[in-house]
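Reader: Hello! I would like a close look at one part of this protein, and I would be glad of a walk through what surrounds it.

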Amino acid sequence: MSAAPASGDMVAELARSFAGEILHPGDPGYEQARRVHNGLVDKRPALIARCRGLADIADAVRLARAQGLEVAIRGGGHNVAGRATVDDGLMIDLSSMKGIFVDAKARTARAQGGATWNDFNRETQLHGLATTGGVVSSTGIAGLTLGGGLGWLMGKHALALDNLLSAEVVLADGTVVTASEDENPDLFWALRGGGGNFGVVANFEYRLHAVGPMITGGIVAYPFAAAWDVLRHYRDVTASLPDELTVFGGLVHAMDGSGEKLAVMVLCHCGTLAEGEQAVEPIKRFGTPALDAIGPMPYSQLNAMLDGGYPRGALNYWKSSFLSRLSDDAIRTMIDCFGRCPTPMGQLLIEHFHGAVTRVGVTDTAFPHRAEGYNMLVLSEWTEPGRNDACIAWARESFAALQPFMGGGRYVNYFDGDEQGDAVAAAYGPNYRRLQAIKAKYDPENVFHMNQNIRPAA
């Protein structure tokens, strides 16, 4: 679908019944609305439809089809590649749709597509309930869930997508359907990992679990000089974890602005506080940390603990892949690469997969990455546009240096804007052909392609 100027008559007609707000370039609020979390993304939609409900979304989709406009879907707007926006097209903006409705007795929650995990946790934790959400609470529930949903509870409760019970979806022709195990089960399978390829997901229904409000969690940080020992200890610790304990590691800069390089472990134990205290003891007694902030804390606080390290508007460029294993040579290469990091906000992160997330079949959902192991994220982040070339180059060079240690898997939520096509097919592995067939059924013209695009089967 090629971009074209929007007809004023059709937009005016839509505006008469639209419950939300339609913004044109130059309108008050347009500049703020067009911005996404990643400040490196600077696109200018021809129209922004700030929806308030399903009817708004359906009308916006029909308008885009009638006008030949490219369509981008914004939930939380956190995706690093900026897929939530588009030049000269229509941004369907769900950020005003943040309603969350908890059924504590049934242990379920319904949430609208513009909610963030901070919004979600605030409501569910009133009842001591949660589901696996983002590592950072400012992340939107929609994009994270549809692409996978790594988070602090995944060892015990698997991914966000594994806890999805149903979804209400506006399709490319403007019709509304429900996807669940009982209704449109093929679409439900595809939504759990297939991203925004199949429609605009307006409402999500999740399974909840008893979590908190108090859990054992936090961060322990060591001087960069100890990185070799810390990362090898991290590898040893993660070799045998209980399901309740999720531990991520990596090399980061201190968040106080000093630029000090650190080796860290960040963790969450979602069982009892007594069990958590015992489980984290091998981490707490290791070495001489510069900071030990591990202990009892509210789950919602843990989920927001790292938010300050990812400020809205900072410039971001990421590269990511699963490791075949966290070998000594891989650790040496990580340390060498991080030593050359040109930005005091850059990171090399390791996310460990174990437990419940690995006990789901590869083809049970569209998300195929179910082996125990590690996801590696090269995260370049900075604030000065004059550093763009150096910071992007560091991410690319580090990713290339780590290539010999990587497996075949890629996590699509971490793709940057320069990855499409074969990279997407490789990321879905054995599930890609089935996804293509479902795409052809529900979006044969590939209307929804401003994403990690799955091309419809011919």
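Is C51 buried or exposed? Please start there, then take me through the cysteines and the strands.

Author: Happy to help. A word on the ground rules comes before the cysteines. This is a predicted model, in which local features need pLDDT of at least 70 and side-chain atom pairs count only at pLDDT 80 or more, while totals for chains, interfaces and linings use all residues. Residues are numbered from 1 along each chain as its sequence is written, and side-chain values use heavy atoms, with hydrogens and water left out.

C51 counts as buried because its relative accessibility is 0%; buried means under 20% relative accessible area, exposed over 50%, and partly exposed in between, with a 1.4 Å probe and protein chains only. C270 is buried too, at 9% relative accessibility. What about bonds between cysteines? A disulfide is a covalent bond between the sulfur atoms of two cysteines. Here the term is applied to a pair of cysteine sulfur atoms within 2.5 Å, and the structure holds zero of them. For C270, the closest cysteine sulfur is that of C268, and the 5.7 Å between the two sulfurs is too far for a bond.

Now to the strands. Strand β14 covers residues 261-269, and eight of its nine residues are buried, so the rest of the structure largely encloses this strand. Strands (E, at least two residues) and helices (H or I, at least four residues) are DSSP runs, numbered from the N terminus. Two strands pair if DSSP finds at least two bridges between them. Strand β13 (residues 245-253) runs antiparallel to β14, with nine bridges joining them; here V252 stands opposite L262 of β14. Strand β12 (residues 214-223) also pairs with β14 in the antiparallel sense, over eight bridges, and M265 in β14 is the bridge partner of V220.

Just before β12 there is a detail worth a look on your screen. P213 sits in the loop between β11 (209-210) and β12, and a cis peptide bond with omega of about 5 degrees joins G212 to P213.

Two other loops hold residues with unusual backbone entries. R107, in the loop between β5 (100-103) and β6 (108-112), has a positive phi of about 55 degrees although it is not a glycine. R107 is partly exposed, with a relative accessible area of 41%. N184, in the loop between β9 (176-180) and α7 (185-191), also has a positive phi, near 45 degrees, without being a glycine. N184 is partly exposed as well, at 28%.

For a helix residue, try T124 in α4 (residues 117-124). T124 is buried, with a relative accessible area of 0%. Apart from neighbours within four places in sequence, T124 is in contact (heavy atoms within 4.5 Å) with V102, A109, L129, A130 and L208.

Finally, the enclosed space. On a 1 Å grid over the protein atoms alone, a cavity is a set of points where a 1.4 Å probe fits but cannot get out, and lining residues have an atom within 4 Å of a point. Grid points are joined across faces, edges and corners, and a volume is the space filled by probe spheres set on the points. There are three cavities of 30 Å³ or more, and the largest has a volume of about 60 Å³. Its lining is made up of H37, N38, H78, V80, Y310, N316, W318 and E381.

Key:
On a 1 Å grid over the protein atoms alone, a cavity is a set of points where a 1.4 Å probe fits but cannot get out, and a pocket is an open set with protein on both sides within 12 Å along at least five of seven lines; lining residues have an atom within 4 Å of a point.
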